[in-house]
Amino acid sequence: IELPIPFVNRTIPVKTEDVSREEPRYVKFVGRSSAMRVTGEHTIEETDSGCKLHNRFIVEGRVPGIERYFKKHLDDELTNLETELQEEVGVVS
């Protein structure tokens, strides 16, 4: 992921790696950057009409305010990711 950090005036890359995976339902990852460390989990739950994705993140900032910034912009970033994934697999909303 890349987060645009306003007071740094550039995008901070976050290098991620999977630490646990139970395909196709679950993945846990750790991400590191100069601004933060993030631990995330994605769980896919079957529903009657398809599936639902649950996300959980823990952010430890190395820059003041990074946790607040991450929380404020996470939904938009996940929406962008969802849109790109749907386009890649040919799903039309």
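How many residues does helix 1 have, and how far does helix 1 reach from its first C-alpha to its last? The close-ups below take that up along with a few other spots, all in a predicted model.

**View 1. Helix 1 from end to end.** Helix 1 has 24 residues, and the trip from its first C-alpha to its last covers 33 Å. That is close to the 34 Å expected at 1.5 Å a residue. Still, look around His73: a kink of about 45 degrees is centred there. Just past the helix sits Gly90, with a positive phi near 80 degrees.

**View 2. The buried residues of helix 1.** Pick out Ile66, Tyr69, Phe70 and Leu74, which are buried in helix 1. As background, an α-helix has 3.6 residues a turn, so residues three or four places apart point the same way.

**View 3. The largest nonpolar core.** Ten side chains get together here: Ile12, Val14, Phe29, Ala35, Met36, Val38, Val59, Ile66, Phe70 and Leu74. Strand 5 and helix 1 (66-89) each chip in at least two residues, and helix 1 gives the largest share, with 3. In soluble globular proteins, nonpolar side chains tend to be buried together.

**View 4. Strands 5 and 6, joined by a hairpin.** Strand 5 covers residues 36-47, and strand 6 covers residues 50-61. The two run antiparallel, with 12 bridges between them. Getting from strand 5 to strand 6 takes a hairpin with 2 residues in the link. For one example of the pairing, find His42 and look across to its bridge partner in strand 6, Asn55.

**View 5. Glu41 and its neighbours.** Is Glu41, a residue of strand 5, buried or exposed? Glu41 counts as buried because its relative accessibility is 18%, below the 20% cut-off. Its side chain makes a polar contact with the side chain of Tyr26, at 2.4 Å. Leaving aside residues up to four places away in sequence, Glu41 touches Tyr26, Val27, Lys28 and Phe29, plus His54, Asn55 and Arg56. Two of these names turn up in other views: Phe29 belongs to the largest nonpolar core, and Asn55 is the bridge partner of His42.

**View 6. A cis peptide bond at Pro24.** Zoom in on the bond joining Glu23 and Pro24: this one is cis, with omega at about -5 degrees. Where does Pro24 sit? Its place is in the loop between strand 3 (15-22) and strand 4 (26-32).

How values were computed: Residues numbered from 1 in each chain as written. Predicted model: local features only at pLDDT ≥ 70, side-chain atom pairs only at ≥ 80, totals over all residues. Heavy atoms only, no water. Helix = DSSP H or I, 4+ residues; strand = E, 2+ residues; numbered from the N terminus. Buried < 20%, exposed > 50% of the residue type's maximum accessible area, 1.4 Å probe, protein only. Polar contact = N/O pair within 3.5 Å; in protein donor to acceptor, adjacent residues only side chain to side chain. Contact = heavy atoms within 4.5 Å. Pairing = 2+ DSSP bridges. Core = buried A, V, L, I, M, F, W, Y, C linked by side-chain atoms within 4.5 Å. Expected span 1.5 Å × (residues − 1). Bend = angle between axes of the 7 residues up to and from the residue.
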